[in-house]
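Here are a few quick notes on this one, to read with the structure open. Have a look and see if you read it the way I do.

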Amino acid sequence: MTADDLDQMTALLSDPEVMRYYPAPKTRQDAANWIAWNERNYAEHGFGPWIIELHDGTFVGDCGLTVQTVEGERLVEVGYHLMPAWHGRGLATEAACAVRDEARDGGISHLIAIIRPANLPSQRVAEKIGLHLERRTSVHDLDCLVYGADL
Ligand SMILES: CC(C)(COP(=O)(O)OP(=O)(O)OC[C@H]1O[C@@H](n2cnc3c(N)ncnc32)[C@H](O)[C@@H]1OP(=O)(O)O)[C@@H](O)C(=O)NCCC(=O)NCCS
């Protein structure tokens with residue numbers, strides 16, 4: 001993900017359906033900040049959210065790894081956001097599987113996914129990549145389920 005992805009990342013993060021379980025859809029400036037934050041993630045950790053695209057280069061969404069703090073513990077999270085046109089085709093699962101394997105190969109011992117209780121599609125993706133419900137807690141002041149597994 002680079003600044004060249006700003007138009008597509010704005011379309012993704014400003015979409016009300018994609019942002020349904022977030023406090024609010026994001027603006028173009030938020031998307032620019034998100035990309036800049038990811039570039040810092042790449043530099044600091046060697047990972048971050050990456051772009052998902054089809055083999056022909058069609059933009060689908062993002063999926064990748066970020067460091068999150070859960071009840072004072074620093075953990076690596078897999079996250080995913082797909083354009084609505086591409087939902088329901090197994091693409092999030094395919095991307096998240098690849099990201100899980102990249103995390104394991106990179107020496108990350110435990111992987112989590114932080115998910116709102118009503119977000120059933122995301123919980124299903126987490127289950128399909130081998131994560132299971134570990135706890136329910138507040139993250140960024142929001143009630144969340146934490147799925148996880150040792151890699
Ligand atoms: C979550 C998201 C990435 C899933 O993408 P996707 O490509 O549609 O996911 P997949 O097709 O790989 O798998 C979705 C699974 O959820 C299931 N599902 C979909 N809607 C569901 C619902 N309402 N209740 C229960 N399961 C549901 C699907 O049947 C599928 O499971 P299956 O393979 O066992 O049938 C996509 O919905 C999205 O971008 N959501 C908005 C952003 C978001 O919420 N990200 C996660 C934040 S924690």
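The points below deal with one helix and a loop residue before it.

1. First, a reminder that this is a predicted model. Everything here should be read with that in mind.

2. Let's begin with helix 2, residues 28–45. The helix has 18 residues and runs 25 Å from first C-alpha to last, close to the 26 Å expected at 1.5 Å a residue.

3. Which residues of helix 2 are buried? They are A31, I35, N38 and N41. Looking down the helix axis, you'll find the buried residues within an arc of 110°, so they line one face of the helix. That fits the usual geometry: an α-helix has 3.6 residues a turn, so residues three or four places apart point the same way.

4. What covers that buried set? The cover includes helix 1, strand 1 (49–53) and strand 2 (59–70). On the face turned away from the buried side, helix 2 carries the exposed residues Q29, R40, A43 and E44.

5. After helix 2 comes G46, and its phi is positive, near 80°.

6. Now go back to K26, which sits in the loop between helix 1 (6–13) and helix 2. Buried, exposed or partly exposed? K26 counts as partly exposed because its relative accessibility is 32%, which lies between the 20% and 50% cut-offs.

7. Beyond its neighbours within four places in sequence, K26 is in contact with L13, S14 and M19. As for T58, 32 residues from K26 along the chain, the two C-alpha atoms are separated by 22 Å.

Key:
Residues numbered from 1 in each chain as written. Predicted model: local features only at pLDDT ≥ 70, side-chain atom pairs only at ≥ 80, totals over all residues. Heavy atoms only, no water. Helix = DSSP H or I, 4+ residues; strand = E, 2+ residues; numbered from the N terminus. Buried < 20%, exposed > 50% of the residue type's maximum accessible area, 1.4 Å probe, protein only. Contact = heavy atoms within 4.5 Å. Expected span 1.5 Å × (residues − 1). Arc of directions from axis to C-beta.
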